[in-house]
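Here's a walk through the model you have open, taken piece by piece. Keep the viewer handy and follow along.

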Number of protein chains: 2
Amino acid sequence: MEALRGAGLKATSQRLAILRSLSGDETHPTAQELYERLHAHFPTLSVATVYNTLSALTRMQRCRPIELGGPIRFDPNVAPHDHAVCELCGKIRDVAAAPEAERRRRRSLAGFRVQRVERIYRGRCADCARSAQAARQ
Amino acid sequence: MEALRGAGLKATSQRLAILRSLSGDETHPTAQELYERLHAHFPTLSVATVYNTLSALTRMQRCRPIELGGPIRFDPNVAPHDHAVCELCGKIRDVAAAPEAERRRRRSLAGFRVQRVERIYRGRCADCARSAQAARQ
DNA sequence: TTCTAAATAAGAATGCATCTAATCTTTGCG
DNA sequence: CGCAAAGATTAGATGCATTCTTATTTAGAA
């Protein structure tokens with residue numbers, strides 16, 4: 001709330017609504033999804049505002065865009081962590097950041113200065129693994 | 001060449017040209033880039049054919065799509081490996097696959113069955129790191 | 001050579017994201 | 001409080017990347 005003002009931005013109702021809707025959301029929504037969700041209660045909202053606000057929030061470090069192929073998703077969890085993506089249902093889960101040992105790897109890329117490492121675990125979530133197995137019987 | 005026939009596909013000149021242009025290419029081209037490159041020598045080629053062929057080649061395991069944000073790129077190197085992306089010039093470099101120790105991590109994601117792990121190293125390539133430093137002086 | 005299934009070409013259609021220009025709002029100030 | 005100026009919002013246009021559609025062409029088998 002004052003986070004916006006602190007960043008020198010005006011605290012508009014649109015921005016507050018988007019921020020409120022995203023924070024605590026663990027589904028990693030796309031801009032479209034946020035737009036649709038909010039549009040019901042806020043009929044004049046436009047997609048451009050959603051995109052603008054999301055990039056402002058990203059600049060302020062209040063969320064982080066995640067690119068996994070397909071539309072960009074947004075994660076309100078800005079602490080370092082990785083993602084697990086289900087190949088079947090597409091759900092995305094946060095995963096604890098890789099351990100320190102793994103980070104040391106960044107030194108080994110001769111010449112290339114690694115700034116951050118993204119890790120994407122692709123596979124099957126518990127639900128889908130279960131139903132795929134059920135279908136096989 | 002017979003790879004196509006072996007997969008039950010017709011060996012058209014378009015497919016051969018695309019396959020030839022992609023194999024050994026370390027620049028990770030997009031479909032558009034391949035199209036433009038080939039279009040000069042093959043004026044009737046259409047983008048749809050490039051996309052179709054690339055997905056056929058992907059199915060045959062002769063290349064692999066890499067999604068890093070922006071247009072999809074294609075890598076003729078199908079051996080397991082990771083990628084380093086320069087934030088400044090956008091160049092993508094192949095990087096040796098993470099060591100075995102790191103792979104064991106796939107067990108630790110309760111419930112989630114990891115099939116593969118993608119790692120993206122983001123930072124600055126040697127050239128850009130050098131010129132950024134030069135500019136700073 | 002002829003036939004058929006498969007592939008290609010060209011452009012339309014779709015989806016995501018950004019841009020544009022006109023119209024509002026917030027907010028600082030008198 | 002009321003105003004002005006800067007900044008935000010809106011709606012729609014625009015720009016890419018990708019997929020789809022349909023008519024035409026071609027590879028490869030008989």
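A residue is near a strand here if its C-beta atom, placed from the backbone, lies within 6 Å of that strand. Keep in mind that this is a predicted model.

**The DNA side**

Start with DNA strand D. Among the 25 residues around DNA strand D, the nearest are A:Thr12, A:Thr49, B:Ala48, B:Pro71 and B:Ile72. Two or more residues of that surface come from each of helix H2 (13-22) and helix H4 (47-59) of chain A, and from H3 and H4 of chain B. H4(A) gives the most to the surface near DNA strand D, with 4 residues.

Now turn to DNA strand C. It has 25 residues around it, and A:Ala48, A:Ile72, B:Ser46, B:Ala48 and B:Thr49 come nearest. At least two residues of this surface are supplied by each of helix H3 (31-39) and H4 of chain A, and H2 and H4 of chain B. H4(B) provides the largest share of the surface near DNA strand C, 4 residues.

Here is how these surfaces, and the protein contact discussed further down, divide by class.

| Surface | Nonpolar | Polar | Charged |
|---|---|---|---|
| Near DNA strand D | 10 residues | 11 residues | 4 residues |
| Near DNA strand C | 10 residues | 11 residues | 4 residues |
| Side of chain B that touches chain A | 12 residues | 4 residues | 12 residues |

**How the copies pair up**

Two copies of a chain are related by a rotation about an axis and a shift along it. In this model, chain B superposes on chain A after a rotation of 180° with 0.0 Å of shift along the axis, at an RMSD of 0.1 Å. The two copies are therefore related as by a two-fold rotation axis. If you want to find that axis from chain B, look for B:Arg119: its C-alpha is the nearest to the axis in that chain, at 2.3 Å.

How many residues does the contact take from chain B and from chain A? There are 28 from chain B and 28 from chain A. On the chain B side, strand E4 (92-96), strand E5 (113-124) and helix H6 (126-135) each give two or more residues. E5(B) brings the largest share of that side, 12 residues. Of the interface residues of chain B, 100% are also interface residues in chain A, so the copies meet through the same surface.

**One chain on its own**

Chain A is built from 6 helices and 5 strands, and along the sequence they follow the pattern α-α-α-α-β-β-β-β-α-β-α. The radius of gyration of chain A is 18 Å, well over the 14 Å that the globule rule gives for 137 residues, so the chain is more spread out than a compact globule. Along the principal axes, the C-alpha trace of chain A spans about 50 × 50 × 20 Å. Buried residues account for 19% of the 137 residues in chain A. Of the contacts in chain A between residues at least 6 apart in sequence, 46% join residues at least 24 apart.

**The cores**

In soluble globular proteins, nonpolar side chains tend to be buried together. The largest nonpolar core here has 12 residues, including B:Ile18, B:Leu22, B:Tyr35, B:Leu45, B:Leu54 and B:Phe74. Helix H2 (13-22), helix H3 (31-39) and helix H4 (47-59) of chain B each supply at least two residues of that core. A second, separate core has 10 residues, among them A:Leu19, A:Ala31, A:Leu34 and A:Val50.

Back in chain B, leaving aside residues up to four places away in sequence, B:Leu57 touches B:Leu19, B:Arg62 and B:Cys63.

**A few loop residues**

Most residues other than glycine have a negative phi. B:His28 has a positive phi, near 55°, and sits in the loop between H2 and H3 of chain B. Is B:His28 buried or exposed? It counts as buried, because 23 C-beta neighbours lie inside 10 Å.

B:Gln61 also has a positive phi, near 65°, and is found in the loop between H4 and E1 of chain B. B:Gln61 is exposed, with 10 other C-beta atoms within 10 Å.

Finally, B:Gly70 lies in the loop between strand E1 (64-66) and strand E2 (73-75) of chain B. B:Gly70 counts as exposed, with 9 C-beta neighbours inside 10 Å. The C-alpha atoms of B:Gly70 and B:Ala3 are separated by 30 Å, and the two residues are 67 apart along the chain.

Note on methods:
Residues are numbered from 1 along each chain as its sequence is written. Chains are lettered from A and ligands numbered from 1 in the order in which they are written. This is a predicted model: local features need pLDDT of at least 70, side-chain atom pairs count only at pLDDT 80 or more; totals for chains, interfaces and linings use all residues. A nonpolar core is a set of buried Ala, Val, Leu, Ile, Met, Phe, Trp, Tyr and Cys residues joined through C-beta atoms within 7 Å. A residue is buried if 20 or more other C-beta atoms lie within 10 Å of its own, exposed if 12 or fewer, and partly exposed in between; C-beta atoms are placed from the backbone. Two residues are in contact if their C-beta atoms, placed from the backbone, lie within 7 Å. Ala, Val, Leu, Ile, Met, Phe, Trp, Tyr, Cys and Pro count as nonpolar, Asp, Glu, Lys and Arg as charged, and the others, Gly among them, as polar. Copies are superposed by least squares on the C-alpha atoms of residues with pLDDT of at least 70 in both. The radius of gyration is taken over C-alpha atoms; the globule rule is 2.2 Å times the number of residues to the power 0.38.
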